[in-house]
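Visitor: I'd like to understand the labels on this model. Could you walk me through some of them?

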Amino acid sequence: MVRTFGVEEELLVVDARTARPVARGEEIVAAVGKPASGHELTTEFKAEQLEVVGPPQTTLEGQLEAIRTGRAIADAAARHFGARVAALSTCPWPVASTRVGGTRYDRMATRFGITAAEQLTCGYHVHVEIASDEEGVAVLDRLRVWLPAILALGANSPFWMGADTGYASYRYQVWGRWPTSGPCQEFGTVENYRRHCDELLGSGAALDDGMLYFDARLSARFPTVEVRVSDLCLDPEHAAVVAELIRALVKTSARQWRDGGRPSGVSAPLLRAWNWHASRFGLEADLPSPVTRAFEP
């Protein structure tokens with residue numbers, strides 16, 4: 001099975017002269033039709049950003065071209081409004097961000113307070129095709145221990161509101177303020193995965209399926225596993241390689257499941273600690289081995 005994979009990139013919208021964030025995302029998206037390339041531009045939670053959804057690909061070369069094309073489409077559209085787009089996961093400058101209008105976003109702002117008000121981060125989401133939900137949950141259970149390495153490889157957000165945070169990925173720290181974010185436990189079955197989602201929704205910690213912000217999850221829209229742990233990479237080549245590595249992890253995890261291989265058994269709290277380490281140091285320190293659980297170069 002040649003698994004297709006696609007990426008969603010949230011881009012920061014900045015003034016063409018000052019490079020400071022500007023709230024033009026809604027206008028830019030409204031002015032763009034459906035590009036012939038198959039890309040889609042959509043609004044995001046904040047008006048200082050927009051999202052580019054790329055068409056599914058089957059090769060690394062195709063994915064790189066899709067990422068470059070998507071960024072070029074978004075940037076060309078932004079130029080008509082005196083703006084540009086930047087592949088940054090957090091804003092280096094202090095900014096009071098602007099919420100996009102709409103009932104859902106209004107409800108999020110009311111319920112989550114300052115977490116929502118300060119949430120101007122740009123993520124990088126990779127979708128990889130799966131054959132079934134059963135295979136998807138098996139993949140989630142087996143690739144989760146490799147996500148700290150993906151987080152470290154994709155780290156691209158050391159600055160936050162004018163400060164050098166000391167973190168390789170401060171976006172991951174800010175994003176972690178949402179109550180449903182971060183790593184999950186192993187599920188074992190689709191029923192257990194669905195039960196976990198339903199219980200979170202019932203608790204009020206998420207308003208809908210779209211707010212189940214796990215590091216990796218089953219997509220609610222596509223027959224894919226969606227990995228959401230990485231920052232948005234500055235270099236398109238870097239972004240394409242991260243996406244290809246995630247596809248390889250999905251393929252390997254599915255094969256392990258078919259061959260009877262068991263998940264690692266690493267707990268969610270330990271995995272959260274590994275993710276903190278990857279977020280803090282990126283590739284500048286040893287990473288935990290998913291096999292031995294020891295920190296190794």
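Guide: Gladly! Let's start with a cut-off: a residue is called buried if its relative accessible area is under 20%. Please keep in mind that this is a predicted model.

Visitor: What makes F45 buried?
Guide: The relative accessible area of F45 is 6%, and the cut-off is under 20%, so F45 counts as buried. Y105, with 15%, is buried as well.

Visitor: How many aromatic pairs does a search of the whole structure find?
Guide: The search gives 12 aromatic pairs. One of them joins the rings of F45 and Y105.

Visitor: Why is the pair of F45 and Y105 called edge-to-face?
Guide: The ring centres are 5.1 Å apart, and pairing asks for centres within 6.5 Å. The planes stand at 65°, and over 60 degrees counts as edge-to-face, so the label follows.

Visitor: Which parts does that pair tie together?
Guide: F45 sits in the loop between β2 (40-43) and β3 (49-53), while Y105 belongs to helix α3 (residues 103-117), so the pair links parts 60 residues apart in sequence. F45 and Y105 also belong to one aromatic cluster with F112, W175, W178 and Y213.

Visitor: Why is Y167 called buried and Y170 partly exposed?
Guide: Y167 has a relative accessible area of 19% and Y170 has 22%. Buried means under 20% and exposed over 50%, so Y167 is buried and Y170 falls in between. Y167 and Y170 form an edge-to-face pair, at 5.6 Å centre to centre and 65° between the planes.

Visitor: What lies over the face of Y167?
Guide: That is R280, at 5.7 Å from the ring centre.

Definitions and conventions: Residues are numbered from 1 along each chain as its sequence is written. This is a predicted model: local features need pLDDT of at least 70, side-chain atom pairs count only at pLDDT 80 or more; totals for chains, interfaces and linings use all residues. Side-chain values use heavy atoms; hydrogens and water are left out. Rings of Phe, Tyr and Trp (its six-membered ring) pair if their centres lie within 6.5 Å; planes under 30 degrees apart count as stacked, over 60 as edge-to-face and the rest as tilted. Helices (H or I, at least four residues) and strands (E, at least two) are DSSP runs, numbered from the N terminus. Buried means under 20% relative accessible area, exposed over 50%, partly exposed in between (1.4 Å probe, protein chains only). A charge sits over a ring if NZ of Lys or CZ of Arg is within 6 Å of the ring centre and within 35 degrees of the ring normal.
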